[in-house]
Amino acid sequence: MTVIFDQDKKDLRLVSEKARHPEKAHRPDTPLQRKPDWIRVKAPVSREYNETRAIVREHNLHTVCEEAGCPNIGECWTKAHATMMIMGDTCTRACSFCNVKTGLPGQLDAAEPENVALAVAKLGLSHVVITSVDRDDLADGGAAHFAATIDAIRRHSPKTTIEILTPDFLRKEGSVERVMMSPPDVFNHNLETVPRLYLTIRPGARYFASLRLLQRVKDIDPNAFTKSGLMVGLGETREEIMQVMDDLRVAGVDFLTIGQYLQPTRKHAAVDRFWTPEEFAGLEAVARAKGFLLVSASPLTRSSYHAGEDFARLKAARAASR
Ligand code: SF4
């Protein structure tokens, strides 16, 4: 059993790991490290937080903010910034860092794109981030569903800018092209970690396939904004991160986010160490020197954290570079 924070009951409750992550149930427990002082988050208690939660519930939506147990939920939801997670709450992969439920998902909800668009309009978002679980069970990996969601948001909220954070669409030929038929304003796909750790951290993914996906978006539309993210604290070295930065620049990626990995439960990958705020500042400086238009690196950075403000900065940085 593991203890989680139940957003509805505003209380801790015990859940069976077997129910959420059957593939991890028989793994030995990993040690939980005490968090350092610089990882402090506000409890989710504001009136605006409750309003955001009510809209999410009313439209029957899932959010990665809740499913992944994001530490920033109090701050983000107070600003109505919720990252919608489409195509259900069950992921077909089994990454060892991720708290999203795993297993065999149900059928796609054909009404979901419209429901997401209505919620975005109700929240009055100027910028929205849409992500999803991995859907290896679908022939296109869910590409058409992403496109339908983008189309529905454009219909209901034509001024809202749209950022998508997609799975890798591994072995789903034509999926990136299908999504790009309804181009988002920002196309994000996270590399998550360095290639050496893929086998243990992202066992269902392939490092070069993820890089190629990002490169492919730029091939289709050289003016597209692309973005990717890394977690640190999983055992990677600084040199390995430098190499990933170089690979991302070769793939033309514009925006890099780097945040600290936090271990969701004892069955997930252990934190190797907590990088200090000074080390994050050092990573940010190096990434900027390598030519990213924008870099966000801090212990609590997540790929959708402050995404609206960052999109404005991203556009300004490109305009200034031309
Ligand atoms: S950082 Fe992203 S995932 Fe976390 S609460 Fe904010 S919007 Fe949600």
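**Around strand 8 and beyond**

User: In strand 8, which residue is the bridge partner of Phe187?
Analyst: This model is predicted, so local features need pLDDT of at least 70 and side-chain atom pairs count only at pLDDT 80 or more, while totals for chains, interfaces and linings use all residues. Residues are numbered from 1 along each chain as its sequence is written. Strand 7 and strand 8 pair (DSSP finds at least two bridges between paired strands) in the parallel sense over 3 bridges. In strand 8, the partner of Phe187 is Thr226.

User: What about strand 9: which of its residues is the bridge partner of Met231?
Analyst: Strand 8 is joined to strand 9, residues 255–260, by 6 bridges, and the two run parallel. Met231 has its bridge partner in strand 9, and that's Gly259.

User: How many residues of strand 8 are buried?
Analyst: Look at one face first: Phe225, Lys227, Gly229 and Met231 are buried (20 or more other C-beta atoms, placed from the backbone, within 10 Å of a residue's own; exposed means 12 or fewer, partly exposed in between). On the other side, Thr226, Ser228, Leu230 and Val232 are buried too, so both faces are covered. The tally for strand 8 is 8 of 8.

User: Which strands stand at the edges of the sheet?
Analyst: Let's walk across it: 8 strands (DSSP E runs of at least two residues, numbered from the N terminus, as are helices, H or I runs of at least four) form an open sheet in the order 3-4-5-6-7-8-9-10, with mixed pairing. Each edge strand has a single partner strand, so one side of it is left without a neighbour in the sheet. Those two are strand 3 (62–63) and strand 10 (294–297).

User: In strand 4, which residue is the bridge partner of Thr63?
Analyst: Strand 3 and strand 4 (residues 84–86) run antiparallel, joined by 2 bridges. The partner of Thr63 in strand 4 is Met84.

User: Within what arc do the buried residues of helix 9 fall?
Analyst: The buried ones in helix 9 are Ser210, Leu211, Leu213, Leu214 and Val217. Seen down the axis, they line one face of the helix, because the arc (of directions from the helix axis to the C-beta atoms) is limited. The face turned away from that side carries the exposed Phe208 and Ala209. The arc for the buried residues is 150°.

User: And the ligand: which helices each supply at least two residues of its shell?
Analyst: Residues around the ligand (C-beta atom, placed from the backbone, within 6 Å of it) include Val64, Cys65, Ile73 and Cys76. Also among them are His81, Arg302 and Tyr305. The helices that each give at least two are helix 3 (64–67) and helix 4 (73–78).
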